[in-house]
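Visitor: I would like a close look at a single part of this protein, and then a walk through its surroundings. Please take your time over the details.

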Amino acid sequence: MKVTFKKDYLKDFVADSEVELLKPTAGFVRDTLLARTGVGNEMEDWLTLPSDYDKEEFARILKVADEIKSDSKVLVVIGIGGSYLGARAVIEFLKSEFHNEKANKEGLPEVYFVGTSASGRYVDDVIDLIGNRDFSINIISKSGTTTEPAIAFRTFKSLIEKKYGKEEASKRIFATTDAHKGALLNVAKENGYERFVVPDGIGGRYSVLSAVGLLPIAVAGINIQKLMDGAKAAQEEFAKDEDILNKPSILYAIYRNILYRKGFDVETIVGYEPQFRFLFEWWKQLMAESEGKDNKGIYPTSAIFSTDLHSIGQYIQDGKKILFETILDITKPISDRVVPSADDNTDNLDYILNKPMKEVNEAALTATAQAHTSAGVPNILLQLDDLDEFNLGNLIYFFEAAVAVSGYLDGINPFDQPGVEIYKTNMFKILGKPGYTD
Ligand code: PA5
């Protein structure tokens, strides 16, 4: 049960000898990461998080999640970037994009993510959706000063205090923030909110397996222990002393690097299940913030097929040859649905009558990979056995390890994100925040 790297669609683009040539460098990079001696090493605690996480805090997350499940119909999660994408990715990947429509029937709270933009209309909609129902808040921000979540927090804090009174409301607000400093830590202390920690040595995009992701994920009824177990298996695999070309994350990093050097500047991650959409949003952040710097880096994009075959599929097939695709596939069927019978065969579908939809989807995958590779678009294929917590935990660590190796291979620090700060500071200046004028 782990991620499998398949090179079936790469043979026309990358020779085995090219992979062999990068093997010693990739081995050195892997060892540097494990020894924590490379650039940015102060932000590498994600490497051992699946085994070294705070067990006391983990137990508290489970307890608080149970409380929220029993006293709330809605959990409002406030955060942006690394402070929300991981949780949303895991919930939608494992439970589907309709998880909120189905939640109450399953006896679970709906989970809404706010503070991801400065849109007042979006906030209006979430307030309407909550209505008179019981709710709780998980505010997640390391700095506590990011404008969009800070505005959302003001709004929902005032709403919850109006509904329950200040004292009762403070029992329904959970703050995930820096352990030692910051505006949110001060507010949380003052008001007596239960607190969880955004770990010091882990950047936002690597934080999904900390309290940042785990509390909302647990509230959505997902088994967070199995998620950690899957990640731990990937951690052990990454560290295991063996031929590094047996490690899928290293292979992925090497092939990406070779393709990038050949002029494939864009990577499109592709899936055939709509519920992969937010996992891909998380992946885009992981890749873009890790690699897009010093005027370098692969530009990450995503697509859901067959949907997007009928839009950007045209560009991929016939447009400029700047991109490669990475397909994420789950081998086990995740639904038993088959092509149904009809009163007549006027739609000419009887040739696939009773065929599992999974087989039709696989046919779309194979047909598309053949079409795109024949047009000069390399395809990497990543396979997971099943759509469950263990496999997803494994995949999360796989991507984190791969982009760390990839970043070092490209000669950049994969653990900082200086570019994100520039817009934040400009926005403070435009809005006239004291201390930020030109
Ligand atoms: O990856 C990152 O570091 C960013 O995306 C941050 O997570 C994002 O800017 C939110 O920052 P904060 O948690 O300080 O509000």
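Which residue just after H10 takes a positive phi, and of about how many degrees?

Guide: The model is predicted, and in it the residue you ask about is Gly-221, which takes a positive phi of about 85° just after H10. The helix that comes before Gly-221 spans residues 211-219 and is mostly covered, with nine of its nine residues buried. Those buried residues of H10 are Ala-211, Val-212, Gly-213, Leu-214, Leu-215, Pro-216, Ile-217, Ala-218 and Val-219.

From this helix we can turn to the open and enclosed spaces of the model. The largest pocket has a volume of about 830 Å³, and 38 residues line it, with Thr-146, Gln-417, Val-420, Glu-421 and Lys-424 lying nearest its centre. The elements that give two or more residues to this lining are helix H13 (277-291) and helix H17 (418-431), and H17 gives the most, with seven residues. Sorted by class, the lining of the largest pocket has 14 nonpolar, 15 polar and nine charged residues.

Thr-146 and Lys-424, named among the residues nearest the pocket centre, also appear in the surroundings of the ligand: an oxygen atom of the ligand is 2.6 Å from an N or O atom in the side chain of Thr-146, and a polar side-chain atom of Lys-424 lies 2.9 Å from an oxygen atom of the ligand. For Gln-285, the distance from an N or O atom of its side chain to an oxygen atom of the ligand is 2.8 Å. On its own the ligand has 390 Å² of accessible area, of which the protein covers 89%. There are 14 residues around the ligand, and those that come nearest are Ser-83, Ser-141, Ser-143, Thr-146 and Glu-289.

The structure also holds three cavities of 30 Å³ or more, and the largest of them contains about 120 Å³ of space. Strand S9 (323-330) and helix H15 (357-374) are the elements that give two or more residues to its lining, where H15 gives the most, with four residues. Residues lining this largest cavity include Tyr-272, Phe-276, Asp-329 and Lys-358, and by class the lining has six nonpolar, one polar and five charged residues.

The second largest cavity has a volume of about 60 Å³, and its lining includes Lys-2, Val-3, Glu-237 and Tyr-397. Helices H11 (224-239), H12 (248-261) and H16 (389-409) each give two or more residues to that lining, with H16 giving the most, four residues. By class, the lining of the second largest cavity has seven nonpolar, two polar and two charged residues.

Notes:
Residues numbered from 1 in each chain as written. Predicted model: local features only at pLDDT ≥ 70, side-chain atom pairs only at ≥ 80, totals over all residues. Heavy atoms only, no water. 1 Å grid on protein atoms, 1.4 Å probe; cavity = no way out; pocket = protein on both sides within 12 Å on 5 of 7 lines; lining within 4 Å. Points joined across faces, edges and corners; volume = space filled by probe spheres on them. Nonpolar A, V, L, I, M, F, W, Y, C, P; charged D, E, K, R; others polar. Buried < 20%, exposed > 50% of the residue type's maximum accessible area, 1.4 Å probe, protein only. Near = heavy atom within 4 Å. Polar contact = N/O pair within 3.5 Å; in protein donor to acceptor, adjacent residues only side chain to side chain. Areas by Shrake-Rupley, 256 points an atom, 1.4 Å probe, with all protein chains shown as cover.
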